[in-house]
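Visitor: Got the model open in front of me. Can you walk me through it?
Guide: Sure, fire away.

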Amino acid sequence: MTISDYYSDDEELYLVLLQPLVLKTIDEVRNWRLTCLFDNKSVGFVPTMGALHNGHISLVNNSLNSNDRTIVSIFVNPSQFAPTEDLDSYPKTFDQDLEILSKLKSSYNNLITRVDAIFFPSVNEIYPSGIPLDVEKQQGAFVSVKGLSEQLEGKTRPNFFRGVSTVITKFFNIITPTNVYFGQKDIQQVLVIKKLIKDLIYPINLNVVPIQRDPETNLALSSRNLYFDAKSRNFASIVYKSLNLIENLYKENNIKDCGILKEKFSRFLKPHGDSELLKIDYISIADKENLMELNEIDSNTGAIISCAIYIKNNQDGKFIRLIDNIIV
């Protein structure tokens, strides 16, 4: 008997029946994965920290379109937060996330595909040795990807990619997916995980999904956007406008000098910076593989143009850090 045999006009009942398995322990995930292996089914994996938005949904839909089975993790990973960052206030919306994932469906190999499982572990399940936010007090095994983790995001958040690489390695070991899905918005993270997969010799295909943007503001979708009030969210559209300016100068005006392009970027934002509505963390024009800063964009190889900007939230006066990028 299949789920369709239980179909009811009562949508609420139907969605309950269609809910993915919620797996909270490593043993539960491994047992589920074993059934996929015995049935010779491919497994797509989408790692998230919850508070799902259309960007996450795009990742999940890509998995549903390309795999027999799909598993999504929801885990706010403490090891990628510094003691001064927003771990405690990070949005946690599991019931809403479960409802969103339950409604998604697609097809693969002429069969309907849905999210089959959600891995929703406790911190102790993933970090059995404990995980204090102070790196000096941490014990146990950790993973670092040297050469791609220290610049850009890694300069502002020195232990961020150590935390990301560690938890993703754990998830890969637990789930052993066929395919994994990451968003282009976190482009440095994509390159770190690509290197991790290559160097640790994982038989996993990395799939990069284009940035999903707010249709009104072009703001790259992020869970942190929830912190903004409407006025500040609208103002934050200036981040994408700044990147778009550089892209147009490069493509339409044939300006390849990265120093000039960065200066144009800063000049465009300067009036707003003077009014203390925003602060520039970094603007980068870097190689697509090794993230080395470029002096000039090569038309044959292109570049990653990325930035991190602090935008002041009108409601509480706090600065919220946004990242975005364009690939040319």
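Visitor: Which residues are linked in a network of salt bridges?
Guide: Glu153, Asp281 and Arg321 are the linked ones. A salt bridge here is a side-chain nitrogen of Lys or Arg within 4 Å of a carboxyl oxygen of Asp or Glu.

Visitor: Before we go on, what am I looking at, and how are things counted?
Guide: It's a predicted model, where local features need pLDDT of at least 70 and side-chain atom pairs count only at pLDDT 80 or more, while totals for chains, interfaces and linings use all residues. Residues are numbered from 1 along each chain as its sequence is written, and side-chain values use heavy atoms, with hydrogens and water left out.

Visitor: Back to the network. What's the N to O distance for the side chains of Glu153 and Arg321?
Guide: That salt bridge comes in at 2.7 Å. Glu153 sits in helix 6 (residues 153-156) and Arg321 in strand 11 (residues 319-327), so the bridge ties together parts 168 residues apart in sequence. Helices (H or I, at least four residues) and strands (E, at least two) are DSSP runs, numbered from the N terminus.

Visitor: Is Glu153 buried or exposed?
Guide: Glu153 is buried, at 6% relative accessible area. Arg321 is buried too, with 16%. The cut-offs: buried is under 20% relative accessible area, exposed is over 50%, and partly exposed is in between, using a 1.4 Å probe and protein chains only.

Visitor: How many salt bridges does the structure hold?
Guide: Eleven. Another one pairs Glu293 with Lys262, with 2.9 Å between the closest N and O atoms. Glu293 is in the loop between strand 9 (278-286) and strand 10 (304-312) and Lys262 is in helix 11, so this pair ties together parts 31 residues apart in sequence.

Visitor: And what's the accessibility of Glu293?
Guide: Glu293 is partly exposed at 38% relative accessible area. Lys262 counts as partly exposed as well, at 22%.

Visitor: Where do Arg267 and Glu263 lie?
Guide: Both are in helix 11, four residues apart, which is about one turn of the helix. Their side chains meet in a salt bridge at 2.6 Å, N to O. Arg267 counts as exposed at 51% relative accessibility, while Glu263 is partly exposed at 34%.

Visitor: Switching to helix packing. At what angle do the axes of helix 7 and helix 8 cross?
Guide: Roughly 50°, and the axes of helix 7 (residues 160-175) and helix 8 (residues 187-199) come within 11 Å. That makes helix 7 oblique to helix 8. Angles under 35 degrees count as roughly parallel, over 145 as roughly antiparallel, 65 to 115 as roughly perpendicular, and the rest as oblique. The axes are lines fitted to C-alpha atoms, for helices over the stretch in contact, with angles running from 0 to 180 degrees between N-to-C directions.

Visitor: Which hand is the crossing of helix 7 and helix 8?
Guide: Right-handed. In that convention the near helix is turned clockwise from the far one by less than a right angle, and anticlockwise would be left-handed.

Visitor: Now backbone oddities. What's the phi of Asn40?
Guide: About 60°, a positive value although Asn40 is not a glycine. Asn40 is in the loop between helix 2 and strand 2 (43-48), and counts as exposed at 68% relative accessibility.

Visitor: What about the phi of Asn110?
Guide: Near 65°, so again a positive phi in a residue other than glycine. Asn110 sits in the loop between strand 4 (105-108) and strand 5 (111-114), and is exposed with a relative accessible area of 80%.

Visitor: And where is Leu111?
Guide: In strand 5. Leu111 counts as exposed at 52% relative accessibility. Its C-alpha is 44 Å from that of Ile246, and the two are 135 residues apart along the chain.

Visitor: How far apart are the C-alpha atoms of Asp257 and Asp298?
Guide: They are separated by 9.7 Å, with their positions 41 residues apart along the chain. Asp257 lies in the loop between helix 10 (238-251) and helix 11 (258-274), and counts as partly exposed at 35% relative accessibility.
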